[in-house]
Amino acid sequence: MIENTVKISVLIATRNRPQQFLVALNSVLNQSYNNTEIIVVNDGSDSDSLAGYAEIESNFNDKVKFIYLNKRKNGHGPSFARNTAADMATGQYLAFLDDDDLWTDKELLSRFVATVAAEPKIELFFSNQKALNADGEITKKSIWLESLIERSSKLPKVTDSAVFATAKWLVSANSFAHLNCTIVQASLFAKINGFDESLRYEEDKDLFWRLLDSAQVIVYDKNYVALHYIPKQRGSASNDVEYLKKREIQIYIA
């Protein structure tokens, strides 16, 4: 059966937040699909955080592979950390989860594998997630691909919840698929050389666009599968500088 042959590598990069990471990790371990490997790359956490990570590793080292990068002042960056995890991965597909978010759908990977059974040539699989504001309220505005849900009914079906999608249709959402909602064929990820390690901001958007440029078979699933925590923004002079740097990076990506 295809369920026994499809191996999924789940990649998590983390740094200096062991408590949030544990929540994320548990949401992966709670998945109903078992043919997975979980690879965690710790991007040089500070010494006061390492004790928390060590305790987590002692409880899950038989189920999770932990990789520790050398400490650097600002870390190696999420792109480098995720690429490191991808280099170690042995699955046919790569799935991603941010260390401060979580998967809320225990059937995410099972449903994905069922979709692969219906269409074995899938290279990219996207879904949706909800976003929680700092005040604890779920945001009502469309942030990623949610605006496509209603329009997805007009596309050819793969399964009851998934449709064949094109790059042109996906970018009509005026946004991109968050990494928590992205599963990519490992060979396609390698073909585009993974994440751009020069980027520390919107590296996920850059990856999304480059994947769309290269993928031939893309599937969009209308289900909500994850929860993203929106960090609280505070105004300051340094944030103004950061704002300008972010705009510069956005122009570079485009």
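A residue counts as buried when its relative accessible area is under 20%. By that standard, Glu203 and Arg82 are both buried, and the two residues form a salt bridge. The structure described here is a predicted model. This briefing covers its salt bridges, its cavity, its nonpolar cores and several loop residues.

**The salt bridge between Glu203 and Arg82**

- In this pair, the closest N and O atoms are 2.9 Å apart.
- Glu203 belongs to helix H8, which spans residues 203-214, while Arg82 belongs to helix H4, which spans residues 78-88; the bridge therefore ties together parts that lie 121 residues apart in sequence.

**Other salt bridges**

- The count of salt bridges in the model comes to 10.
- Arg210 and Asp206 also form a salt bridge through their side chains, with an N to O distance of 2.9 Å.
- Both of these residues lie in helix H8, and because they are four residues apart there, about one helical turn separates them.
- Asp206 is buried, at 7% relative accessibility, whereas Arg210 is partly exposed, at 21%.
- Asp105 is joined to Arg111 by a salt bridge whose closest N and O atoms are 2.6 Å apart.
- Arg111 has a relative accessibility of 18% and so counts as buried, since the cut-off is 20%.
- A network of salt bridges links Arg17, Asp99 and Asp100.

**The cavity**

- One cavity of 30 Å³ or more is present in the structure.
- The space in the largest cavity amounts to about 30 Å³.
- Its lining is made up of Phe126, Ala177, Leu179, Thr182, Asp204, Leu207, Phe208 and Leu211.
- Helix H8 supplies the largest share of this lining, with four residues.
- Sorted by class, the lining residues are six nonpolar, one polar and one charged.

**The nonpolar cores**

- The largest nonpolar core contains 38 residues, of which Leu124, Phe126 and Leu170 touch the most other members.
- Helix H8 contributes the most to this core, giving four residues.
- A second core, separate from the largest one, has 35 residues, including Phe21, Tyr53, Val217 and Ala226.
- Phe126 appears both in the lining of the largest cavity and in the largest nonpolar core.
- When residues up to four places away in sequence are not counted, Phe126 touches, among others, Leu145, Leu170, Cys181, Leu212, Ile218, Val219, Tyr220 and Asp221.
- Ala177, Thr182 and Phe208 are also among the residues that Phe126 touches, and these three residues likewise line the largest cavity.

**The loop between strand S5 and helix H5**

- Asp105 is located in the loop that runs between strand S5 (102-103) and helix H5 (108-118).
- Despite its place in a loop, Asp105 is buried, with a relative accessibility of 14%.
- Apart from neighbours within four places in sequence, Asp105 is in contact with Gln31, Arg111, Tyr224 and Val225.
- Arg111, one of these contacts, is also the salt-bridge partner of Asp105.
- Glu107 lies in the loop between S5 and H5 as well.
- Glu107 is partly exposed, at 40% relative accessibility.
- Leaving out neighbours within four places in sequence, the contacts of Glu107 are Gln31 and Ser32.
- Gln31 is therefore a contact of Asp105 and also of Glu107.
- Although 77 residues separate Glu107 and Asn30 in sequence, their C-alpha atoms are 9.2 Å apart in space.

**Two asparagines with positive phi**

- Asn174 has a phi value near 60°, which is positive in a residue other than glycine.
- This asparagine, Asn174, sits in the loop between helix H6 (167-171) and strand S8 (182-185).
- Asn174 is exposed, and its relative accessible area is 73%.
- Asn193 is also a residue other than glycine with a positive phi, in this case near 65°.
- The loop that holds Asn193 runs between helix H7 (186-191) and H8.
- Asn193 is exposed, with 64% relative accessible area.

Conventions
Residues numbered from 1 in each chain as written. Predicted model: local features only at pLDDT ≥ 70, side-chain atom pairs only at ≥ 80, totals over all residues. Heavy atoms only, no water. Salt bridge = Lys/Arg side-chain N within 4 Å of Asp/Glu carboxyl O. Buried < 20%, exposed > 50% of the residue type's maximum accessible area, 1.4 Å probe, protein only. 1 Å grid on protein atoms, 1.4 Å probe; cavity = no way out; pocket = protein on both sides within 12 Å on 5 of 7 lines; lining within 4 Å. Points joined across faces, edges and corners; volume = space filled by probe spheres on them. Nonpolar A, V, L, I, M, F, W, Y, C, P; charged D, E, K, R; others polar. Core = buried A, V, L, I, M, F, W, Y, C linked by side-chain atoms within 4.5 Å. Contact = heavy atoms within 4.5 Å.
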